[in-house]
Amino acid sequence: MSVTELMGEEEPLQSAVENETAETTPGDDVFSWPVLRFDIPPKRVYHFCHQFRKGSNPNNFLKGIKWSPDGSCFLTSSDDDTLRVFNLPGNFDVNHVDACSPTADEDSFVANVVASEGESVYDYCWYPYMSASDPTTSVFASTSRDHPVHLWDATSGQLRCTYRAYDAMDEITAAFSVAFNHAGTKLIAGYNNSLRVFDVHRPGRDFEQYSTLHGNKDGQSGIISAITFCPTHTGLLATGSYSQTTAIYNEDNMELLYVLHGQEGGVTHVQFSKDGNYLYTGGRKDPYIYCWDVRNTAGIVYKLYRSSEYTNQRILFDIEPCGRHLGTGGQDGQVHIYDLQTGQWLASFQAASDTVNGFCFHPFLPLAASSSGHRRFVMPDGYDEDLSLTVEENCASVWGFSCASMADNAASSCWRELDTESECELNQSS
């Protein structure tokens, strides 16, 4: 399979960086990130629950949700070993958002793509240059139990290719976490005590393997459960392990730089701040998200509380595009917003009636997506406990936030019009 057939022409990373740092002239239209207002509760724009419930598995719960890099769709993972892609409607207008009632008898719309894995899904991620206008880049990777890493077509739902790792017995071993590097040329997969690096354009069994154990040195042991890359293109990547440690590597040679200790539970999610100076880690059965300064790892900067001390679930959090706030779910069904400059709680809103295990901000619109649910066990005969689910359990929702920049832009445009009128009057009088 050729490079063009698999992924299309690769976008050079250098040009992307140059575009981000290019200077603009005063007459150019400059895009500005929306400034979200968290003092106003968000509106539920879309809601989904019915299509996740089947007769064979009525207790099918969601396990996470992620927006695509181009913001055209979002991807969900659920307990029925299925990944679903939901495209935003073409007539969606962010300036005129209507609230959606969760009590409706049907979902807002159905999934456009359904990809079924054979076993429980461990992790999944989008290709960093994914664009709905270019089908060759519209792909995502996933890993599941006893299966190789799969690359799925997000437009058709077909399997593009597989990346296979083998153990010492020459048997396929499954990855527990996956992530693309920023250039989109490498796929990093986490295994037990090791990392494997695949060339995206060469699917199959070719890979480079790096042990996370370094003899007597302070390496990272255990299952590598989470991987993330620094967004500022500094060549750093962080990995979380079920051994309650987080390690930071140099991407070029996979050199271990340092290991962070202190998490109370196995690390299940890691994410860099937008400027790349801080790293946020969350663990299983750990009620805190830890903030680390990657320039000085002597101690923790601060901790953010979330109600997750009684669940084994992976609870995902996210940082909004401006990089100022972090949102996280928990067992209380709420999404909590924190100010990252101070580490203080800012606001919260009720997103579901059960555990909110996934929360993700839209890459450039004032939107966010949440997923909820947890495993419920069928009671033996003789128990009268009602296990029927409401529409706000085992569900996914899209939320619309009020945007401060909209009001500011409207006010500034009014002032500009008044200034123009005043100048015209002064010129006429003179």
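D123 is buried in this predicted model, with a relative accessible area of 10%. The buried label follows because 10% falls under the 20% limit. Its charged side chain meets that of K66 in a salt bridge, 3.7 Å from N to O. D123 sits in strand β7 (residues 121-126) and K66 in strand β3 (residues 62-67), so the pair ties together parts that are 57 residues apart in sequence. K66 is partly exposed, at a relative accessible area of 23%.

**Salt bridges**

The model holds 11 salt bridges. Three of them are listed here, including the pair just described.

| Pair | Closest N and O atoms | Separation in sequence |
|---|---|---|
| R44 and E392 | 3.8 Å | 348 residues |
| D123 and K66 | 3.7 Å | 57 residues |
| E119 and R145 | 2.7 Å | 26 residues |

Take R44 and E392. Their closest N and O atoms are 3.8 Å apart. R44 belongs to strand β2 (residues 43-48). E392 lies in the loop between β28 (367-372) and β29 (396-400). The bridge therefore ties together parts that are 348 residues apart in sequence. R44 counts as buried, at 9% relative accessibility. E392 counts as partly exposed, at 23%.

Now E119 and R145. Here the closest N and O atoms are 2.7 Å apart. Both partners are loop residues: E119 lies between β6 (113-116) and β7, and R145 between β8 (139-144) and β9 (149-153). The pair therefore joins parts 26 residues apart in sequence. How accessible is E119? E119 counts as partly exposed, at 25% relative accessibility. R145 is also partly exposed, with a relative accessible area of 37%.

**A buried loop threonine**

Where is T212 found? T212 is in the loop between β14 (208-211) and β15 (224-229). Is this residue buried or exposed? T212 is buried, with a relative accessible area of 1%. That value is under 20%, so the label applies.

Which backbone oxygen does the T212 side chain reach? The oxygen belongs to Q220, and the distance is 2.5 Å. This is a polar contact, because the cut-off is 3.5 Å.

Leaving aside residues up to four places away in sequence, T212 touches N193, S194, L195, G219, Q220, I224 and Y249. Q220 thus appears both in this list and as the owner of the backbone oxygen. I224 is another of the residues touched, and strand β15 spans 224-229.

How values were computed: Residues numbered from 1 in each chain as written. Predicted model: local features only at pLDDT ≥ 70, side-chain atom pairs only at ≥ 80, totals over all residues. Heavy atoms only, no water. Salt bridge = Lys/Arg side-chain N within 4 Å of Asp/Glu carboxyl O. Helix = DSSP H or I, 4+ residues; strand = E, 2+ residues; numbered from the N terminus. Buried < 20%, exposed > 50% of the residue type's maximum accessible area, 1.4 Å probe, protein only. Polar contact = N/O pair within 3.5 Å; in protein donor to acceptor, adjacent residues only side chain to side chain. Contact = heavy atoms within 4.5 Å.
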